[in-house]
Amino acid sequence: MEPMKVLVVEDESAIAEPLIAGLEREGFEVEWAATGEQALAAAEPDVVLLDLRLPDIDGYTVCRRLRERSDVPIIMVSARGEEVDRVVGLELGADDYVVKPFGLRELVARIRAVSRRTRTQPVPDGRLQVGELLVDTRARRVLLGERELKLTAKEFDLLAALAAEPGVAVTRHLLFERVWESRWFGSTKTIDVHVASLRRKLGNPGWIETVRGVGFRLQAPQ
Ligand code: CA
């Protein structure tokens with residue numbers, strides 16, 4: 001198997017060098033960009049690790065420009081205490097977020113997770129069961145216990161996307177891609193409206209938990 005190519009965008013060599021050495025030990029092929037311009041000029045990798053504070057173009061802009069031309073998974077890296085930025089980053093199309101200082105093991109797990117998640121995987125065919133909830137993607141029917149729920153097409157797709165990964169925080173970005181089949185840079189309203197409606201139809205808001213700054217998680221309510 002080809003080694004996975006990671007583009008490390010980081011201006012501080014004291015951070016970049018041990019990080020690159022660590023990733024190479026883990027079997028990744030690593031390219032280093034010390035500026036935003038270098039990152040945009042680099043060959044497309046399999047995953048981008050993107051520091052937000054860069055000397056030339058800020059990380060958000062780099063993220064948006066990469067997104068305009070590619071679906072490459074992007075993990076944003078920030079310093080501790082930049083919580084507000086997380087939402088903006090995910091809305092710009094980042095797939096995940098890590099806060100410095102992070103451990104290499106955690107980072108490697110995230111890299112593998114985003115590259116798995118973002119490989120275009122449609123919602124799996126068949127019957128997705130979460131507690132009492134059954135989502136049948138072939139019949140396009142939803143049963144809650146004995147009761148059939150009447151959902152709109154988008155509500156169904158949204159529920160199926162969440163039910164495909166029960167207990168997992170699915171990002172808004174990913175939901176938009178799966179359900180609306182588009183990248184999205186606008187307001188979060190559309191998705192919130194659909195989630196609110198689904199919660200009503202499910203009869204218990206506990207089914208769909210909001211994961212602040214990330215997205216939503218489907219689980220059987222307590
Ligand atoms: Ca930096």
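**Exercise 1.** In this predicted model, is Asp51 buried or exposed, and which protein atoms act as donors to the calcium ion?

*Solution.* Start with Asp51: its relative accessible area is 2%, and buried means under 20%, so Asp51 counts as buried. Next, go to the metal. Asp51 gives an OD donor to the calcium ion, alongside OD of Asp11 and O of Arg53. These donors lie 2.1 to 2.3 Å from the ion. Written along the chain, the spacing is D-x39-D-x1-R. Finally, check Arg53: at 49% relative accessibility, this one is partly exposed.

**Exercise 2.** Work out where the buried residues of helix H8 sit around its axis.

*Solution.* First get the helix itself: H8 covers residues 189-202, 14 in total, and spans 20 Å from first to last C-alpha, close to the 20 Å expected. Now pick out the buried positions: Ile191, His194, Val195, Ser197, Leu198 and Leu202. Look down the axis and they fall within an arc of 165 degrees, so they line one face of H8. Turned away from that side are Lys189 and Arg200, both exposed. Just past the helix, Gly203 has a positive phi of about 80 degrees.

**Exercise 3.** Find where the cis peptide bond from Lys100 to Pro101 lies, and say which loop holds Arg140.

*Solution.* Some background: most peptide bonds are trans, and most non-glycine residues have a negative phi. From Lys100 to Pro101, omega is near -5 degrees, hence cis. Pro101 is in the loop between strand E5 (96-100) and helix H5 (104-118). As for Arg140, phi is positive, near 50 degrees. Arg140 lies in the loop between strands E7 (133-136) and E8 (141-144), and is partly exposed at 42% relative accessibility.

Key: Residues are numbered from 1 along each chain as its sequence is written. This is a predicted model: local features need pLDDT of at least 70, side-chain atom pairs count only at pLDDT 80 or more; totals for chains, interfaces and linings use all residues. Side-chain values use heavy atoms; hydrogens and water are left out. Donors are N, O and S atoms within 2.8 Å of the metal (3.2 Å for Na, K and Ca); water is not among the atoms, so sites may look incomplete. Buried means under 20% relative accessible area, exposed over 50%, partly exposed in between (1.4 Å probe, protein chains only). Helices (H or I, at least four residues) and strands (E, at least two) are DSSP runs, numbered from the N terminus. The expected span of a helix is 1.5 Å times one less than its number of residues. The arc is that of the directions from the helix axis to the C-beta atoms.
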